[in-house]
Amino acid sequence: MQALTNRVKQVERKPMSFFERMYLPAIFKGMIITFMHIFKKKPTINYPEVKRPFSPVFRGLHVLNRDEAGRENCTACGLCAVACPAEAITMEAAERKAGEENLYREEKYAAKYEINMLRCIFCGLCEEACPKDAIYLSETFAPADYQRKQFIYNKDELLIPHPIENPDAYTKALGNRVKPEVKS
């Protein structure tokens with residue numbers, strides 16, 4: 001205890017001068033910094049009018065992909081659901097019936113496909129795990145809403161527009177994404 005008191009006595013501060021007690025140097029420093037910031041570029045972006053550029057690795061909302069003929073790529077293998085660390089993806093598989101060859105590429109398809117965006121951490125592991133390029137993360141922000149159930153997206157909301165029926169919406173949904181090369 002005695003050592004602590006001796007140490008406090010050694011650290012005694014020197015008294016402030018009259019000029020320092022007026023805090024004028026500190027006030028002038030603050031005024032100079034404020035004045036310098038007036039001429040700097042503002043970091044704020046007026047969002048609806050001006051869109052900020054995205055990073056090439058930006059991960060937004062999920063999209064279920066189709067091929068050029070409009071058939072769904074998803075074969076309900078479940079690798080995306082297994083790879084998801086947040087367990088945000090749920091799916092149910094079904095068998096393709098006769099006459100549905102123009103809807104699905106393979107014999108199996110995802111009858112139910114849901115993503116809970118409140119659980120999703122936008123890591124992109126589902127995109128990497130998919131062997132059929134059926135899911136990818138787009139350049140779209142997740143919208144805001146007031147109800148939790150609005151953040152659970154089903155297959156109809158996730159599916160990209162049909163390329164033949166709506167080609168403009170299809171190319172817009174692809175965004176700047178590099179299209180995979182078709183292997184023959």
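## A tour from the aromatic pairs outward

The structure holds 3 aromatic pairs, and since this is a predicted model, everything described on this tour is computed from predicted coordinates. Select Phe35 and Phe39 to begin: the centres of their rings lie 5.3 Å apart and their planes stand at 85°, so this pair is edge-to-face. Colour the two residues by accessibility and you will find that Phe35 is exposed, as is Phe39.

Next, select Tyr104 and Tyr109, which form a stacked aromatic pair, with 3.8 Å from centre to centre and 10° between the planes. Are these two tyrosines buried or exposed? Tyr104 is buried, with a relative accessible area of 10%, and Tyr109 is likewise buried, with a relative accessible area of 10%.

**The helix at residues 24–38**

Return to Phe35 and extend the selection to helix 3, which covers residues 24–38. This helix has 15 residues and reaches 21 Å from its first C-alpha to its last, close to the 21 Å expected at 1.5 Å a residue. Of the 15 residues of helix 3, the number buried is 0, so the helix lies largely in the open.

**The salt bridges**

Now show the charged side chains, for which the count comes to 5 salt bridges. A good place to start is Asp67, since Asp67, Arg71 and Arg105 are linked in a network of salt bridges. Within this network, the side chains of Arg71 and Asp67 meet at 2.9 Å, N to O; Arg71 counts as partly exposed at 28% relative accessibility, whereas Asp67, at 7%, counts as buried.

The side chains of Arg105 and Asp67 also meet in a salt bridge, at 4.0 Å from N to O. Because Arg105 lies in the loop between strand 2 and strand 3, and Asp67 in the loop between strand 1 (62–64) and helix 4 (79–83), the pair ties together parts that are 38 residues apart in sequence. Arg105 itself is partly exposed, with a relative accessible area of 38%.

Move on to Glu106 and select Lys132 with it: the two form a salt bridge in which the closest N and O atoms are 3.6 Å apart. Lys132 lies in the loop between helix 5 (125–129) and strand 4 (135–137), while Glu106 lies in the loop between strand 2 and strand 3, so this pair ties together parts that are 26 residues apart in sequence. Lys132 counts as partly exposed at 35% relative accessibility, and Glu106 is partly exposed too, with a relative accessible area of 27%.

**The sheet**

Switch to a cartoon view and find the open sheet of 3 strands, whose order is 2-3-5 and whose pairing is antiparallel. Strand 2 (89–95) and strand 5 (152–153) stand at the edges, each with a single partner strand, so one side of each is left without a neighbour in the sheet. Strand 3 (residues 108–116) and strand 5 run antiparallel and are joined by 2 bridges; to see where they meet, select Asn116, which stands opposite Ile152 in strand 5.

**The whole chain**

Finally, clear the selection and look at the chain in full, which has 7 helices and 5 strands. From the N terminus on, its elements run α-α-α-β-α-β-β-α-β-β-α-α. Buried residues make up 25% of the 184 residues, and the chain exposes about 14300 Å², of which carbon and sulfur atoms supply 57%. Of the contacts with a separation of 6 or more, 72% are between residues 24 or more positions apart.

Conventions
Residues numbered from 1 in each chain as written. Predicted model: local features only at pLDDT ≥ 70, side-chain atom pairs only at ≥ 80, totals over all residues. Heavy atoms only, no water. Pairing = 2+ DSSP bridges. Helix = DSSP H or I, 4+ residues; strand = E, 2+ residues; numbered from the N terminus. Buried < 20%, exposed > 50% of the residue type's maximum accessible area, 1.4 Å probe, protein only. Contact = heavy atoms within 4.5 Å. Areas by Shrake-Rupley, 256 points an atom, 1.4 Å probe, with all protein chains shown as cover. Phe/Tyr/Trp six-rings, centres within 6.5 Å; stacked < 30°, edge-to-face > 60°. Expected span 1.5 Å × (residues − 1).
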